[in-house]
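Me: I would like a close look at a single part of this structure, followed by an account of how the rest of the chain is arranged. Please keep it plain.

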Amino acid sequence: MINYTEYCNRAVSTDKGRITLVSAFRETNRLCGTDGHRLHLANDLPTATPHYLNSDLTIDSAPCIDAVLPKATVAIANFRFSKKDIAKLKKLASLIPAGQEASILFTFAANNLRINFTTLELSFEFNFACEVFEPYSVKLNLDYFIDALIADYDQIFNAYSVVEKGTPIAITCDNLMAIIMPLR
């Protein structure tokens, strides 16, 4: 079973100065967490009173989640990731030197998800088979991408975007959604 609180807490801010972003927020039938660069959302949960989890914040201070959700999106791809695939991505993330910007190029094309990372010292390329609907390339933070994936069991993920440079990419699986802002 997926722990929705844990999933949403992966995206909350660690910056104590951004008080409304340091805790997951529950509103009606969804739970969300964000740090301003990414947002994790669990939909279709049993209805409950709006509140922050583990926090004294009031409902008036809640971020406007609907304002950041992409309005017009195009299906880019469907892809299946296994626990083994996610382990490969985590290994890649561990090889990136501490403090170095982990800007990874994700390319969805020719029924393939290609993930590239290149610096003067390191160069990696991973390829995963996937069903591509719209060719698309975007630079993302690898840790954010890994956090968007559910590692409990093999999953089919869907990727969506407005398909314009600088717009976020949405990754969905069942009733979960992760929105990740691209890197420049």
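How much space lies in the largest pocket?

Reply: The model is predicted, and every value below is computed from it. The largest pocket holds about 280 Å³ of space. Its lining is made up of Leu105, Tyr136, Ser137, Val138, Lys139, Glu164, Lys165, Gly166, Met181, Pro182, Leu183 and Arg184. Strand E9, residues 136-141, gives the largest share of that lining, with four residues. Sorted by class, the lining has six nonpolar residues, two polar ones and four charged ones.

Strand E9 also holds asparagine 141. Asparagine 141 counts as buried because its relative accessibility is 16%, and the cut-off for buried is under 20%. The side chain of asparagine 141 reaches the backbone nitrogen of aspartate 143 at 2.8 Å.

Helix H3 covers residues 142-148, and aspartate 147 lies in it. Aspartate 147 forms a salt bridge with arginine 38, with 2.8 Å between the closest N and O atoms. Arginine 38 belongs to strand E3, residues 38-42, so this pair ties together parts that are 109 residues apart in sequence. The two partners fall into separate exposure classes: aspartate 147 is partly exposed, at a relative accessible area of 22%, while arginine 38 counts as buried at 9%. Salt bridges with shared partners join Asp35, Arg38 and Asp147 into one network. Within that network, the side chains of aspartate 35 and arginine 38 meet at 3.3 Å, N to O. Both aspartate 35 and arginine 38 are buried.

The structure holds three salt bridges. Besides the two that involve arginine 38, there is one in which the side chains of glutamate 6 and arginine 10 meet, at 3.7 Å from N to O. Glutamate 6 is partly exposed, with a relative accessible area of 46%. Arginine 10 is partly exposed as well, with a value of 24%. As background, side chains of opposite charge can pair when their charged atoms come close.

Phenylalanine 145 and leucine 89 are 56 residues apart in sequence, and their C-alpha atoms are 9.3 Å apart in space. Leucine 89 is in helix H2, which covers residues 83-95. Leucine 89 is buried, with a relative accessible area of 0%. Leaving out residues up to four places away in sequence, leucine 89 touches Phe81, Ile115, Phe128, Leu142, Phe145, Ile146 and Leu149.

A second pair that is separated in sequence is arginine 30 and asparagine 43: they are 13 residues apart along the chain, with 4.5 Å between their C-alpha atoms. Arginine 30 has its place in strand E2, residues 30-34. Arginine 30 is buried, and its relative accessible area is 12%.

Two loop residues deserve a note on backbone geometry. Most residues other than glycine have a negative phi. Asparagine 111 has a positive phi of about 50° although it is not a glycine. Asparagine 111 lies in the loop that runs between strand E6 (103-109) and strand E7 (112-118). At 49% relative accessibility, asparagine 111 counts as partly exposed, because the exposed class begins over 50%. Aspartate 174 also has a positive phi, near 55°, and is a residue other than glycine. Aspartate 174 is found in the loop between strand E11 (169-173) and strand E12 (176-180). With 63% relative accessibility, aspartate 174 counts as exposed.

As for the chain as a whole, there are three helices and twelve strands. The chain has 184 residues, of which 45% count as buried. Among contacts between residues at least 6 apart in sequence, 61% join residues at least 24 apart. The link between aspartate 147 in helix H3 and arginine 38 in strand E3 is one pairing across such a separation, at 109 residues.

Conventions
Residues numbered from 1 in each chain as written. Predicted model: local features only at pLDDT ≥ 70, side-chain atom pairs only at ≥ 80, totals over all residues. Heavy atoms only, no water. Salt bridge = Lys/Arg side-chain N within 4 Å of Asp/Glu carboxyl O. Buried < 20%, exposed > 50% of the residue type's maximum accessible area, 1.4 Å probe, protein only. 1 Å grid on protein atoms, 1.4 Å probe; cavity = no way out; pocket = protein on both sides within 12 Å on 5 of 7 lines; lining within 4 Å. Points joined across faces, edges and corners; volume = space filled by probe spheres on them. Nonpolar A, V, L, I, M, F, W, Y, C, P; charged D, E, K, R; others polar. Contact = heavy atoms within 4.5 Å. Polar contact = N/O pair within 3.5 Å; in protein donor to acceptor, adjacent residues only side chain to side chain.
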